[in-house]
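Here are some short exercises to work through with the model open beside you. Try each task before you read its solution.

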Amino acid sequence: MEQQKLDVYVKGSWLRKMVKESSSQFAAIQVISAITFTITIAFFVILLGIFVNGRIRKFLVSEDFIPIQSMPVSGIELSGNGFRDFGDWIAPRRLWHTMSDQELLWRASMVPHIKDYPYNRTPKVAFMFLTRTMLPLAPLWELFFKGHQGLYSIYLHTSYESIDEPVESSVFYQRRIPSKPVEWGRATMVDAERRLLANALLDFSNERFILLSESCIPLFNFSTIYDYLIKSKHSFVGSFDDPRKVGRGRYNKRMAPAIQLSDWRKGNQWFELNRDLGIAVVSDEAFYPVLRDHCRPPCYMDEHYLPTLVVKIGKDLNSNRSITWVDWSKPGSHPTTFGRKDVSERFMSRVRDQSDCIYNNVPGSYCFLFARKFHPNTLEPLLKIAPVLFGFNKQ
Ligand SMILES: *[C@@H]1O[C@H](CO)[C@@H](O)[C@H](O)[C@H]1NC(C)=O
Ligand SMILES: *[C@@H]1O[C@H](CO)[C@@H](O)[C@H](O)[C@H]1NC(C)=O
């Protein structure tokens with residue numbers, strides 16, 4: 001019994017001694033690892049410091065900035081120093097962007113609520129070309145635009161992807177917008193028109209928006225066309241009620257109640273819109289889906305969408321007539337295409353001098369500013385008569 005007690009005591013004191021020893025050892029290990037840890041962290045901090053310092057220097061002095069600078073931020077380019085200046089908000093510096101149609105339309109639908117522009121705004125006319133390839137009549141247009149920088153913007157929607165960029169001195173240089181394939185008479189045609197409008201609306205100085213094709217030509221010189229459009233109280237969207245099968249006959253009862261038969265209109269797709277109507281067109285969510293779903297061949301969306309939409313959103317803003325002349329006098333479903341032999345001063349004067357229309361509520365002196373359809377082989381005779389007809393030689 002005594003022996004046992006003694007044993008336990010001895011064991012106990014030995015145990016205590018052990019615990020005492022090991023705890024002082026443990027403390028030493030703790031101290032050592034804390035020191036090691038601190039040194040390691042300090043080492044990393046120093047390394048990081050050297051690295052960051054190097055990067056900042058590189059950032060400030062080298063061209064490291066360039067990839068960031070040329071990266072579009074939702075269609076808005078950063079200016080040279082990487083900061084956005086006011087110019088970036090007035091108009092994108094480059095037309096090409098990576099926005100989807102949905103993003104683009106949303107962005108283009110924005111309207112400033114302060115009425116006075118905080119910059120000296122000269123209204124511009126946006127010439128929007130809906131084409132397959134580069135314009136075959138481009139040299140005529142080059143002459144037309146020459147000397148009028150600052151009063152126009154050009155936009156090209158081309159259905160083919162691989163198109164050679166024109167030379168840098170051309171008015172068409174880098175004026176293509178991101179485009180998608182277009183099928184005649186289908187919703188994709190209207191999509192392309194709205195895509196053009198939306199891109200052109202991003203420039204706050206664009207005031208009038210005209211849709212043109214590759215076979216269109218101007219009938220007057222730039223100043224005459226600019227004044228006519230800028231001073232017009234109305235837009236020029238051909239819009240009429242056609243009682244025939246090819247008009248009212250294309251109306252579908254399923255379009256009601258959004259669109260009634262009394263709203264249904266037809267017209268030439270080559271429109272001209274002012275800024276307010278343009279914004280209303282890209283912002284339209286009420287009528288576009290109705291026509292997309294219920295106007296399918298033999299109902300052609302591009303012949304009905306805008307003519308009907310303007311009745312719904314801006315009746316009083318429209319002249320109801322097109323500004324682009326086309327010849328439907330020959331039978332068939334296509335207008336006349338004019339060729340080399342048709343082009344003469346006399347013929348052009350006849351087209352220009354039509355004046356049985358209303359302009360700003362009074363009988364007009366001209367009714368048409370553009371004409372179609374002109375075959376690429378008309379370029380040569382057109383260039384020949386251009387000086388006489390348009391006064392290009394006076395510029
Ligand atoms: C255009 O047509 C609409 C009806 O569709 C009419 O209300 C408007 O007054 C017309 N505009 C002009 C300038 O005649
Ligand atoms: C433009 O055409 C108009 C007539 O349409 C003419 O009076 C004017 O002089 C022409 N301008 C130039 C710069 O040639």
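Two residues are in contact if their C-beta atoms, placed from the backbone, lie within 7 Å. This is a predicted model, in which local features need pLDDT of at least 70, side-chain atom pairs count only at pLDDT 80 or more, and totals for chains, interfaces and linings use all residues. Residues are numbered from 1 along each chain as its sequence is written, while chains are lettered from A and ligands numbered from 1 in the order in which they are written.

**Exercise 1. Describe the chain as a whole.**

Step 1: Take the contacts with a separation of 6 or more; residues 24 or more positions apart account for 77% of them.

Step 2: Turn to secondary structure, where helices (H or I, at least four residues) and strands (E, at least two) are DSSP runs, numbered from the N terminus. The chain has twelve helices and nine strands.

Step 3: Apply the burial cut-offs: buried means 20 or more other C-beta atoms within 10 Å of the residue's own, exposed means 12 or fewer, and partly exposed lies in between. Of the 395 residues, 29% count as buried.

**Exercise 2. Work out how H6 and H8 pack.**

Step 1: Two packed helices are described by the angle between their axes and the distance between the axes. Axes are lines fitted to C-alpha atoms, for helices over the stretch in contact, with angles from 0 to 180 degrees between N-to-C directions.

Step 2: The axes of H6 (residues 187–201) and H8 (residues 275–283) come within 10 Å and cross at roughly 125 degrees. That makes H6 oblique to H8, since angles under 35 degrees count as roughly parallel, over 145 as roughly antiparallel, 65 to 115 as roughly perpendicular and the rest as oblique.

Step 3: On the H6 side, Arg194, Leu197, Ala198 and Leu201 meet Gly278, Ile279, Val281 and Val282 of H8. These contact residues divide into six nonpolar, one polar and one charged; Ala, Val, Leu, Ile, Met, Phe, Trp, Tyr, Cys and Pro count as nonpolar, Asp, Glu, Lys and Arg as charged, and the others, Gly among them, as polar.

**Exercise 3. Is Ser262 buried or exposed?**

Step 1: Find Ser262 in the loop between helix H7 (222–230) and strand E5 (272–274).

Step 2: Ser262 has 9 C-beta neighbours inside 10 Å, so Ser262 counts as exposed.

Step 3: Check its distance to Arg248: the two are 14 residues apart in sequence and 9.2 Å apart in space, C-alpha to C-alpha.
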